[in-house]
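Subject: Structure handover

Hello,

Here is the structure I said I would pass on. Please look it over before reading my notes below.

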Amino acid sequence: MRTKHYLLMLALVILTLPASSQMVEILNRNNIKINASSLAFKNISLQYERSITKRLSAGLGFRVGPKGTVPLQTVLSNVFDENDFDLTKLEIGNTAITPELRIYLGRGRNRGFYLAPYGRYAHFTMTLPINYNYNGQPKQAFFDGHVNSISGGLMVGMQYTIARIVVLDIWLIGGHYGSSKGDAVFTPSSPLSPQEQQALQNELNGINVKPFTFTSTVNANGGTLQTTGPWAGFRGGGINVGIRF
């Protein structure tokens, strides 16, 4: 009797194995991932992904980076004239929210290569040091402000599940395009004389940051900047690791 009992239990286990595998496939439709590559740039980037069908999922990403000096100053020097801006003292912080859809092309639920149309709202805080001359002496005006951007784009990537619960998500290449708007304020330690106001205003009037529009005003209490224009960004080269549950 005992032998028959063991054989019956073994048969039940074998019969339930396919059902258990299918149950895991059905229940494990959620992923939480962190972008390991972004940590090198002092950013924390997280994403939650929810499977809708075998080939389709929806995700929401959140990125935050503390305000600090910019590592890729050589890239910015191609956009900003270093005679106008002191890039060594430029500080930028950021937050971004990125909703996306994913269309998977591989086998298995939400695995393999995918296409991901996405949108992005980003908020950047910054301190922008502007160089100018007054009475033959070099001076700097530190403008504190922010830039907001809204854009949309497409990314190509691939995702795999390891040991059922570990997710490896690689962003291959993508980009987005949209619009931006920003403003900043300079508050001096003491009121500006009419001559110094004019010197700073002349410097601001000569700044060229095309394709952005750049307007400014200066008075005894300091100055303001406003900017509007297109916004483009690259999204790729990211290695994300997470869990599936």
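What follows is a summary of what was found, going from the whole chain to single residues.

Overall layout

Please keep in mind that this is a predicted model. The chain has 245 residues, and 38% of them are buried. Its secondary structure consists of three helices and ten strands, and in sequence order these run α-β-β-β-α-β-β-β-β-α-β-β-β. Of the contacts with a separation of 6 or more, 66% are between residues 24 or more positions apart. The exposed area of the chain is about 14,200 Å², with 65% of it supplied by carbon and sulfur atoms.

Salt bridges

Side chains of opposite charge can pair when their charged atoms come close. There are eight salt bridges in the structure, and three of the pairs are described here.

One of them is between Lys33 and Glu49, whose closest N and O atoms are 2.8 Å apart. Lys33 belongs to strand E1 and Glu49 to strand E2, with the two positions 16 residues apart in the numbering, so that this pair links distant parts of the chain. Both Lys33 and Glu49 are buried.

Another salt bridge joins Arg102 and Asp169, at 2.7 Å from N to O. This pair links distant parts of the chain, with Arg102 in strand E4 (residues 91-104) and Asp169 in strand E7, 67 residues apart. Arg102 counts as buried because its relative accessibility is 1%. Asp169 is also buried, with a relative accessibility of 0%.

A further salt bridge is formed by Glu196 and Lys139, with 2.9 Å between the closest N and O atoms. Here helix H3 (residues 194-205) provides Glu196 and strand E6 provides Lys139, and the two are 57 residues apart. Glu196 has a relative accessibility of 8% and therefore counts as buried, whereas Lys139, at 32%, is partly exposed.

Through shared partners, salt bridges connect Lys33, Glu49, Glu100, Arg102, Asp169 and Arg235 in one network.

Aromatic rings

Two arginines of that network also come up in contacts with rings. The charged end of Arg102 is placed over the ring of Tyr114, 4.0 Å from the ring centre. Arg235 lies over the face of Trp171, and its distance from the ring centre is 4.4 Å.

The whole structure contains three aromatic pairs. Among them is the pair of Phe124 and Trp231, which is tilted, with 5.4 Å centre to centre and 40 degrees between the planes. This pair links distant parts of the chain: Phe124 is in strand E5 (residues 112-134), Trp231 is in strand E9 (residues 222-234), and they are 107 residues apart. Phe124 is buried, at 15% relative accessibility. Trp231 has 22% relative accessibility; buried means under 20%, so Trp231 counts as partly exposed.

Nonpolar surface patch

Which residues make the nonpolar surface patch? They are Ile34, Leu39, Ile44, Leu46, Leu60, Phe62, Val64, Ile97, Tyr121 and Ile150, and the patch covers about 850 Å². Strands E2 (44-51) and E3 (56-69) are the elements that give two or more residues to the patch. E3 has the largest share, with three residues. Ile150, one of the patch residues, is in strand E6. Its relative accessibility of 55% is why Ile150 counts as exposed.

Two loop residues

Ser38 is in the loop between strand E1 (30-35) and E2. Is Ser38 buried or exposed? With a relative accessible area of 10%, Ser38 is buried. Not counting residues up to four places away in sequence, Ser38 touches Asn43, Ile44 and Ser45. Ser38 and Asn240 are 202 residues apart along the chain, and their C-alpha atoms are separated by 9.2 Å.

Ile165 is in the loop between strand E6 (137-162) and strand E7 (166-186). Its relative accessible area is 45%, so Ile165 is partly exposed. Apart from neighbours within four places in sequence, Ile165 is in contact with Gly242, Ile243 and Arg244. Ile165 also lies 8.1 Å from Asn28, C-alpha to C-alpha, with the two 137 residues apart in sequence.

Regards

Methods: Residues numbered from 1 in each chain as written. Predicted model: local features only at pLDDT ≥ 70, side-chain atom pairs only at ≥ 80, totals over all residues. Heavy atoms only, no water. Helix = DSSP H or I, 4+ residues; strand = E, 2+ residues; numbered from the N terminus. Buried < 20%, exposed > 50% of the residue type's maximum accessible area, 1.4 Å probe, protein only. Contact = heavy atoms within 4.5 Å. Patch = residues over 30% accessible without salt bridge, like charges linked within 9 Å, V, L, I, M, F, W, Y side chains within 5 Å. Areas by Shrake-Rupley, 256 points an atom, 1.4 Å probe, with all protein chains shown as cover. Salt bridge = Lys/Arg side-chain N within 4 Å of Asp/Glu carboxyl O. Phe/Tyr/Trp six-rings, centres within 6.5 Å; stacked < 30°, edge-to-face > 60°. Lys NZ or Arg CZ within 6 Å of the ring centre and 35° of its normal.
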